[in-house]
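Please walk through the model below, beginning with its cysteines and then turning to the way its strands and helices are arranged.

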Amino acid sequence: MANQALLENFPELKTPVFVITEADLIRNGKLLKEVREKADCKILWALKCFAMPEAAQTLKPYLDGTCSSGLFEARFGKENFGGETHVYAPAFSDEDMQKIVKLADHIVFNSFSQLRHHRPTLQNSGREIQTGIRINPEYSEVATKIYDPCAPFSRFGVKAEELEKQGIKEISGLHFHTMCEQKSDVLERTLDVVTKKFGKFLRDLDWINMGGGQHITNEDYDRDHLVKLIKQFKTAFDLKTVYLEPGEAVAINAGYLVTTVLDIIENGMPIAILDTSAANHMPDVLEMPYRPYIIGSGQPKEKTYTYRLGALTCLAGDYIGDYSFDKELKVGDRLVFTDMAIYSFVKTCMFNGIGLPSLAYQKTNGETKLIREFTYEDYASRLGAKL
Ligand SMILES: Cc1ncc(COP(=O)(O)O)c(C=O)c1O
């Protein structure tokens with residue numbers, strides 16, 4: 001008999017499927033709203049981490065707007081969420097900027113050359129758009145190299161000596177993003193550095209955006225400390241607005257990837273082949289790398305039956321990891337991966353022609369709505385097939 005506990009999770013849905021849970025988004029939203037109110041700051045939803053129209057409807061009461069990595073996210077944010085639309089990218093094409101100026105309230109440039117290149121388009125837009133510059137404080141405590149925006153030769157942001165040369169006449173604020181899944185103590189040390197290097201400019205600016213990477217809604221995060229830091233900083237530089245733009249904190253623990261065991265083989269250990277892929281459906285598992293939690297599972301050998309969980313693709317390293325279970329896995333068992341809204345939902349691909357997981361939304365009343373299934377047409381049209 002298949003493992004009952006696993007089958008009970010979302011039994012009505014065909015797998016693989018992402019299930020986003022409204023109740024968890026509301027929990028995160030309420031915590032963020034509390035910070036907004038107590039700290040008198042604005043919080044934007046970083047769409048790069050997670051984006052979904054249903055979630056936007058749910059999150060509207062709790063956040064001030066969205067922040068985007070370019071044209072498509074900006075349009076998505078404007079059309080699905082509203083509020084303030086902020087955009088930052090390492091560079092913008094002329095074609096994209098023509099459209100971005102119709103959508104954005106804030107555009108943060110990565111360099112003064114980009115700012116000056118696009119300034120005529122901003123001026124001709126007939127809209128009042130706040131412009132900012134991303135700074136590189138050359139301070140980050142991010143240990144994983146691929147996520148460190150302040151690493152040597154980083155392409156992100158302007159250093160203090162460059163800002164000194166260029167001045168701040170053309171901008172109304174500064175933006176930094178230097179953190180990744182970190183707590184308020186890291187922000188405090190970062191703000192000390194920003195104060196030392198950029199404090200003299202801040203007094204003459206209207207706003208600062210402190211980026212994302214702040215795990216504000218995580219269990220052990222000290223939100224009172226965050227509130228204190230923001231209030232102090234805002235007062236010290238007489239800023240009109242402090243922005244935060246978290247992604248993970250908006251959607252942490254609000255999504256599941258439900259998968260099915262398709263086969264079990266043996267090669268020195270039992271290997272279960274799932275109807276998913278780390279490379280295609282949860283690429284951060286390989287990129288970061290990290291080990292996602294599966295409901296009811298343990299570390300290898302912690303429970304009686306240990307399996308290597310393998311994926312459908314041809315990539316030899318496409319394993320999700322080794323997991324143990326109380327009961328033997330059987331073909332047809334469902335394995336439910338947790339915390340899959342963040343940087344999984346938005347990062348999927350169709351390598352090997354493997355279909356994308358369907359998308360579902362579980363409302364607070366427990367009803368689970370299937371939002372979208374993907375078909376051969378989705379795969380083939382991306383490749384230029386005329387269908
Ligand atoms: C500029 C910027 N803002 C916000 C974020 C969101 O960060 P997180 O999802 O870690 O909160 C990122 C993530 O890479 C980013 O690059």
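**Cysteines and barrel**

In this predicted model, a search of the whole structure finds zero disulfides. A disulfide is counted where two cysteine sulfur atoms lie within 2.5 Å, and the sulfur of cysteine 49 is too far for a bond because the closest cysteine sulfur, which belongs to cysteine 67, is 10 Å away. Cysteine 349 is likewise in no disulfide, since the nearest cysteine sulfur, that of cysteine 314, is 11 Å away. As for their surroundings, cysteine 49 is buried, with a relative accessible area of 0%, whereas cysteine 349 is partly exposed, with a relative accessible area of 27%.

We can now turn to the sheet. Eight strands close into a barrel with parallel pairing, and their order is β2-β3-β4-β5-β6-β7-β8-β9. On average, and with direction ignored, neighbouring strands of this sheet are turned by 25° against each other.

One pair in the barrel can be followed in detail: strand β4, which covers residues 84-88, pairs in the parallel sense with strand β5, residues 106-109, over three bridges. Within this pairing, histidine 86 stands opposite histidine 106 in β5.

Helices pack on this sheet as well. Helix α4, formed by residues 71-80, touches both β3 (65-68) and β4, and its direction makes about 170° with that of β3. Helix α6, formed by residues 112-123, packs on the sheet by touching β5 and β6 (130-134), and the direction of helix α6 makes about 150° with that of β5.

Methods:
Residues numbered from 1 in each chain as written. Predicted model: local features only at pLDDT ≥ 70, side-chain atom pairs only at ≥ 80, totals over all residues. Heavy atoms only, no water. Buried < 20%, exposed > 50% of the residue type's maximum accessible area, 1.4 Å probe, protein only. Pairing = 2+ DSSP bridges. Helix = DSSP H or I, 4+ residues; strand = E, 2+ residues; numbered from the N terminus. Axes fitted to C-alpha atoms, helices over the stretch in contact; angles between N-to-C directions. Contact = heavy atoms within 4.5 Å.
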